[in-house]
Amino acid sequence: MRVLGVLGFLLVTALAGCGGHSASPESVARAWSNAINTGNNDAAAKLFADDAQIVQPGHVIRLHSHSEAVAWNAALPCSGTILEVVDADETATVTFRLGNRPSGACDGTGATVRAIFRVRDGKIVLWHQLGNESAAGTQSI
């Protein structure tokens, strides 16, 4: 059984690198959402390119390193259940319904927000929160 597991891992690894294609923006956004929803800030951070740009209402920052990406992901107060994904070229626009994270309570549970994920070479280079669709104020994912 262990050999089968190793072979499966090698097959998945080979397919992921096959033909120079990288992960789609949708698959990266879904992987990020899953990592956030399970409280795995390190896995979420690994999906960001160095110098990724973060745009949220009122501010813009750059994540210059993996440790900055971990800290930014850890600071997000909410998880997000994906309701819709619109995938186009290098971007995916994702609509989320906000909920609590394993690390604490969300300040906008039930609100709907959208974020644009621009992905290059399988890494997020831009994460742009478009805003709150269903509640007063602006909550963050």
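How many aromatic pairs does the structure hold? The structure, which is a predicted model, holds 7 aromatic pairs, and the legends below begin with the whole chain before turning to these rings and to other details.

**View 1. The whole protein chain, with 4 helices and 6 strands.** Read along the sequence, the elements of the protein chain follow the pattern α-α-α-β-β-α-β-β-β-β. The chain has 141 residues, of which 37% count as buried, and its accessible surface comes to about 7600 Å², with 56% of that area belonging to carbon and sulfur atoms. Among the contacts with a separation of 6 or more, 49% are made by residues that stand 24 or more positions apart in the sequence.

**View 2. The aromatic pair of Trp-32 and Trp-127.** A pair of aromatic rings is described by the distance of the centres and the angle of the planes. For Trp-32 and Trp-127 the centres are 5.8 Å apart and the planes make an angle of 55°, and the pair is tilted. Trp-32 belongs to helix α2 and Trp-127 to strand β6 (residues 123-132), so that this pair links distant parts of the chain, 95 residues apart. Trp-32 is buried, and Trp-127 is buried as well. The two residues are also members of one aromatic cluster, which is formed by Trp-32, Phe-48, Trp-72, Phe-96, Phe-117 and Trp-127.

**View 3. The largest nonpolar core, with 29 residues.** In soluble globular proteins, nonpolar side chains tend to be buried together. In the largest nonpolar core of this model, the residues with the most contacts inside the core are Trp-32, Phe-48, Trp-72, Phe-117, Ile-124 and Trp-127. At least two residues of this core are supplied by each of α2, α3 (41-45), β1 (48-56), α4 (66-75), β3, β4, β5 and β6. Helix α2 gives the most to this core, with 5 residues.

**View 4. The disulfide between Cys-78 and Cys-106.** A disulfide is a covalent bond between the sulfur atoms of two cysteines. A search of the whole structure finds 1 disulfide, and in this bond the sulfur atoms of Cys-78 and Cys-106 are 2.0 Å apart. The torsion about the S-S bond is about 80°, and therefore the disulfide of Cys-78 and Cys-106 is right-handed. Cys-78 lies in strand β3, whereas Cys-106 lies in the loop between β4 and β5, and the pair links parts of the chain that are 28 residues apart. Both cysteines, Cys-78 and Cys-106, are buried.

**View 5. The salt bridge of Glu-26 and Arg-30 in helix α2.** The whole structure contains 3 salt bridges, and in the one shown here the closest N and O atoms of Glu-26 and Arg-30 are 2.9 Å apart. Because Glu-26 and Arg-30 are 4 residues apart in helix α2 (residues 25-37), they are separated by about one helical turn. Glu-26 counts as partly exposed, with 26% relative accessibility, and Arg-30 also counts as partly exposed, with 40%.

**View 6. The salt bridge of Lys-46 and Asp-42.** The side chains of these two residues, Lys-46 and Asp-42, meet with a distance of 3.3 Å from N to O. Lys-46 is partly exposed at 48% relative accessibility, and Asp-42 is partly exposed with a relative accessible area of 33%.

**View 7. The salt bridge of Arg-120 and Glu-90.** The closest N and O atoms of Arg-120 and Glu-90 are 3.1 Å apart. Arg-120 is part of strand β5 (residues 112-120) and Glu-90 is part of the loop between β3 (78-88) and β4 (91-100), so the pair ties together parts that are 30 residues apart in sequence. Arg-120 counts as partly exposed at 42% relative accessibility, and Glu-90 counts as partly exposed at 35%.

**View 8. Positive phi values at Asp-89 and at Asp-121.** Asp-89 is not a glycine, although its phi is positive, at about 50°. This residue, Asp-89, is found in the loop between β3 and β4, and Asp-89 is exposed, with a relative accessible area of 78%. Asp-121, likewise a residue other than glycine, has a positive phi near 55°. Asp-121 lies in the loop between β5 and β6 and is exposed, with a relative accessible area of 70%.

Key. Residues are numbered from 1 along each chain as its sequence is written. Side-chain values use heavy atoms; hydrogens and water are left out. Buried means under 20% relative accessible area, exposed over 50%, partly exposed in between (1.4 Å probe, protein chains only). Contact means heavy atoms within 4.5 Å. Accessible areas come from the Shrake-Rupley method with a 1.4 Å probe; for residues, only the protein chains shown count as cover. A salt bridge is a side-chain nitrogen of Lys or Arg within 4 Å of a carboxyl oxygen of Asp or Glu. Rings of Phe, Tyr and Trp (its six-membered ring) pair if their centres lie within 6.5 Å; planes under 30 degrees apart count as stacked, over 60 as edge-to-face and the rest as tilted. A disulfide is a pair of cysteine sulfur atoms within 2.5 Å. A nonpolar core is a set of buried Ala, Val, Leu, Ile, Met, Phe, Trp, Tyr and Cys residues joined through side-chain atoms within 4.5 Å.
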